[in-house]
Amino acid sequence: FVRTLSNLQSVSLGFNRDDVLLFELNAPQAGLPETRVADFYADLRRRLSDVPGVRDVTLSHASLIRAGRAHPITANGQRTQGTRVLWTGPRFFATMQIPILRGREFTESDRQGTQPVAVVSELFARTNFGDSDPIGRRIEIGGSLRVHGEPLVLEVVGVAASARYGGLKGNSPPVVYVPYAQ
């Protein structure tokens, strides 16, 4: 057991786990109407940022280790396999210290009514676009994420370094990050 714990502690996560506080809060489950959820989380981020000693604040719908949801995703006209989707807040990558390798990360301006965007993991980019630059390319997320019955179409605006996602053992899957406010 001690050897296993020691081995797991030495696993590179691809993000900085030092001085990070994670907690879970589900506003819709607590009774907040869906129309107010994005504003509630934005206000919570602002209020937590004002706490002395807090360096940065962001959010995601699931922790990196717990993993997000798998959805059918199409890139380059081909359906991807095993891709996970994680909804995140502005400055997610800066807060978790996951390097943006190309393009940009999400900002406050990535909200409802603007061009739907995505940041993809380096593994997703390499697997689905090869050596081509994925910035400006479109991907589709299907399944339950539909807009007027059509798949959600996102423009890739960034490529993030691959981070350990969905557990400490085995290979991490490709990941598509989507701004929660969109």
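**Figure 1. N76 is partly exposed, with a relative accessibility of 42%.** Like everything in these panels, this close-up comes from a predicted model. N76 sits in the loop that links β2 (73-75) to β3 (78-79). Check the backbone here: N76 is not a glycine, yet its phi is positive, near 60°. Look across from the loop and you'll find N128, which is 52 residues away in sequence while the two C-alpha atoms are 6.9 Å apart. The two residues are also in contact, and N128 is picked up again in the next panel.

**Figure 2. N128 belongs to helix α4.** With a relative accessible area of 15%, N128 counts as buried, because the cut-off is under 20%. Who does N128 touch, once neighbours within four places in sequence are set aside? The partners are A75, N76 and T80. Of these, N76 is the loop residue from Figure 1, between β2 and β3. So here's a pairing to look at in the close-up: N128 is buried at 15%, while its partner N76 is partly exposed at 42%.

**Figure 3. Helix α4 covers residues 122-129 and has four named buried positions: F124, A125, N128 and F129.** Looking down the axis of α4, these buried residues fall within an arc of 100°, so they line one face of the helix. The general rule behind that kind of pattern is simple: an α-helix has 3.6 residues a turn, so residues three or four places apart point the same way. Just past the end of α4 comes G130, and its phi is positive, near 60°.

**Figure 4. The structure has 1 cavity of 30 Å³ or more.** Its volume comes to about 30 Å³. Seven residues are worth picking out around this space: S121, L123, S162, A163, P173, V175 and Y177 make up the lining. What mix of classes does the lining show? There are 5 nonpolar residues and 2 polar ones, and no charged residues at all. One of the lining residues, L123, falls in the stretch of α4, residues 122-129. Another, S121, falls in the stretch of β6, residues 117-121.

**Figure 5. S49 is in helix α2, which spans residues 34-49.** Is S49 buried, exposed or partly exposed? At 35% relative accessibility, S49 counts as partly exposed. Leave out residues up to four places away in sequence, and S49 touches V54 and V57.

**Figure 6. R91 sits in the loop between β4 (84-88) and α3 (92-96).** R91 isn't a glycine, but its phi is positive at about 65°. R91 has 40% relative accessibility, so it counts as partly exposed. If you've just come from Figure 1, recall that N76 also has a positive phi in a residue other than glycine, near 60°.

**Figure 7. Q112 is exposed, at 68% relative accessibility.** You'll find Q112 in the loop between β5 (100-103) and β6 (117-121). What does Q112 touch, apart from neighbours within four places in sequence? The answer is A181 and Q182. P179 is worth a look too: it is 67 residues from Q112 along the chain, and their C-alpha atoms are separated by 9.4 Å.

**Figure 8. The whole protein chain, for orientation, has 4 helices and 9 strands.** Starting at the N terminus, the order is α-α-β-β-β-β-α-β-β-α-β-β-β. There are 182 residues in the chain, and 37% of them are buried. Among contacts with a separation of 6 or more, 68% are between residues 24 or more positions apart; the contact between N128 and N76, which are 52 residues apart in sequence, is one to look for. As for the outside, the chain exposes about 10,700 Å², with carbon and sulfur atoms supplying 49% of that area.

Definitions and conventions:
Residues numbered from 1 in each chain as written. Predicted model: local features only at pLDDT ≥ 70, side-chain atom pairs only at ≥ 80, totals over all residues. Heavy atoms only, no water. Helix = DSSP H or I, 4+ residues; strand = E, 2+ residues; numbered from the N terminus. Buried < 20%, exposed > 50% of the residue type's maximum accessible area, 1.4 Å probe, protein only. Contact = heavy atoms within 4.5 Å. Areas by Shrake-Rupley, 256 points an atom, 1.4 Å probe, with all protein chains shown as cover. Arc of directions from axis to C-beta. 1 Å grid on protein atoms, 1.4 Å probe; cavity = no way out; pocket = protein on both sides within 12 Å on 5 of 7 lines; lining within 4 Å. Points joined across faces, edges and corners; volume = space filled by probe spheres on them. Nonpolar A, V, L, I, M, F, W, Y, C, P; charged D, E, K, R; others polar.
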